[in-house]
Amino acid sequence: MPEINYIDVFFSVHAFQEEELRGKTAVIIDVLRASSSITTALSNGAKKIIPVADMSDAMKIANTMDQKDFLLCGEKNGTKIEGYHLGNSPAEYEPEVVKGKTLIFNTTNGTKAIKKSSLANQIYVGTFLNQDSILNALKDHDDEVVLVCSGWQGRLSIEDTLFAGSLLHAISGGELPDSAKDGAKVAFGLFQKFGDDLEGAISKSDHAKRLAELVPNGDIEFCCKVNEFDVLPGMRDGILTNLNG
Ligand code: MLT
C-alpha cells in the first residue's frame, strides 16, 4: 500500500498542472458518470477504451478505424453528442452493445482528467462500482498516489470527493494521521460525514441536480453501488483496458 502521507487529492481537472503527476500513480475519479460508464463497459466486454479530450480528437481516431470495430461514446454537458452511438449512461453499455468493441470516449470532465494525467506512471479509473479493484491495485504501489477528482468545469464535486475519501478511509483503516495531506483530510472528513448514506448525499449533489432532467432515472442509484464489478481500468499507451481481465 502507498504510505498514507504520500496520497494527495486533486479536486478538479483545473486544480493541477500536468507536470504535478509526472512519475506518480493517478486514480481518475468521475463517479457521475464517466468512471462508472467506463467500468461498466469493460465489465460487459468492451475490448478497449480510448479516452479523448474533445470531439475533434474523437473523429480523428474514428477516421483511422473500420466502422464495425468502434463506437463513439460520450456527452457534452450531460447530453449524448449528436451522431455518437452512445451517451454517458452506464445503462447503455450492455454486453450485446459493447462486447469486443473499441469505445472512443469523450466526456465533459472525466476524459479530460484522464488525458491531463498522461504524465503519470500509471493511470487507473476508479469509482464506487470497482472500489476493491482499485484498493487491490494500490497494494502494489509504494510510490506517490494522486486521487484525481474530475469535478465539474473546475469546481469540486461531492461524489468524486466522497469516493476519494472512501479509498482513504479503507487504506488508513479508518484513522487518518495528522501528517496526512490537506486534500486527503478534506476527502476523508467528507466520507466520515456522508459515507453511511452515499446515495442520499450524491443524489443531492450539484451534478445529480444537473442530470435530473437529462438522464435515465436509475443512473445515480447505479453509480452509488459499491463493488459491483471486479474490473480494473488501467492505461497503457493511451488506451484503457481491464487489467484484471
Ligand atoms: C463528465 O465527464 O463530466 C461526466 O461524466 C458528465 C456526465 O455525467 O455525463
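**Figure 1. The hairpin of strand 9 and strand 10 in the predicted model.** Two residues stand between the strands of this hairpin, and aspartate 237 has a positive phi near 50°. Strand 9 covers residues 233-236 and strand 10 covers residues 239-242. The pairing of strand 9 with strand 10 is antiparallel and runs over four bridges. Opposite isoleucine 239 in strand 10 is arginine 236. In a regular strand, side chains alternate between the two faces of the sheet.

**Figure 2. The loop that holds asparagine 77.** This loop connects strand 4 (70-76) with strand 5 (79-80). Asparagine 77 is a residue other than glycine with a positive phi, here near 50°.

**Figure 3. The cis peptide bond from leucine 32 to arginine 33.** Omega of this bond is near -5°. Arginine 33 belongs to the loop between strand 2 (25-29) and helix 1 (34-43). The side chain of arginine 33 also has an N or O atom 2.7 Å from an oxygen atom of the ligand.

**Figure 4. The shell of residues around the ligand.** The ligand is surrounded by 13 residues. Arg33, Asn88, Thr107, Asn109 and Gly110 are the closest. By residue class, the shell holds four nonpolar, six polar and three charged residues.

**Figure 5. Polar side-chain atoms beside oxygen atoms of the ligand.** Threonine 107 has a polar side-chain atom 2.6 Å from an oxygen atom of the ligand. For histidine 207, a polar side-chain atom lies 2.8 Å from an oxygen atom of the ligand. On its own the ligand has 270 Å² of accessible area, and the protein covers 100% of this area.

**Figure 6. The cavity at the ligand.** The largest cavity is the space taken by the ligand. Among the residues that surround the ligand is Arg33, the residue that follows leucine 32 across the cis peptide bond. Thr107 is another of the closest residues.

Terms used: Residues are numbered from 1 along each chain as its sequence is written. This is a predicted model: local features need pLDDT of at least 70, side-chain atom pairs count only at pLDDT 80 or more; totals for chains, interfaces and linings use all residues. Side-chain values use heavy atoms; hydrogens and water are left out. A residue is near a molecule or strand if one of its heavy atoms lies within 4 Å of it. A polar contact is a pair of N or O atoms within 3.5 Å; within protein, one must be able to donate a hydrogen and the other to accept it, and residues adjacent in sequence count only if both atoms are side-chain atoms. Accessible areas come from the Shrake-Rupley method with a 1.4 Å probe; for residues, only the protein chains shown count as cover. On a 1 Å grid over the protein atoms alone, a cavity is a set of points where a 1.4 Å probe fits but cannot get out, and a pocket is an open set with protein on both sides within 12 Å along at least five of seven lines; lining residues have an atom within 4 Å of a point. A molecule sits in a cavity or pocket if more than half of its atoms lie within 2 Å of its grid points. Ala, Val, Leu, Ile, Met, Phe, Trp, Tyr, Cys and Pro count as nonpolar, Asp, Glu, Lys and Arg as charged, and the others, Gly among them, as polar. Two strands pair if DSSP finds at least two bridges between them.
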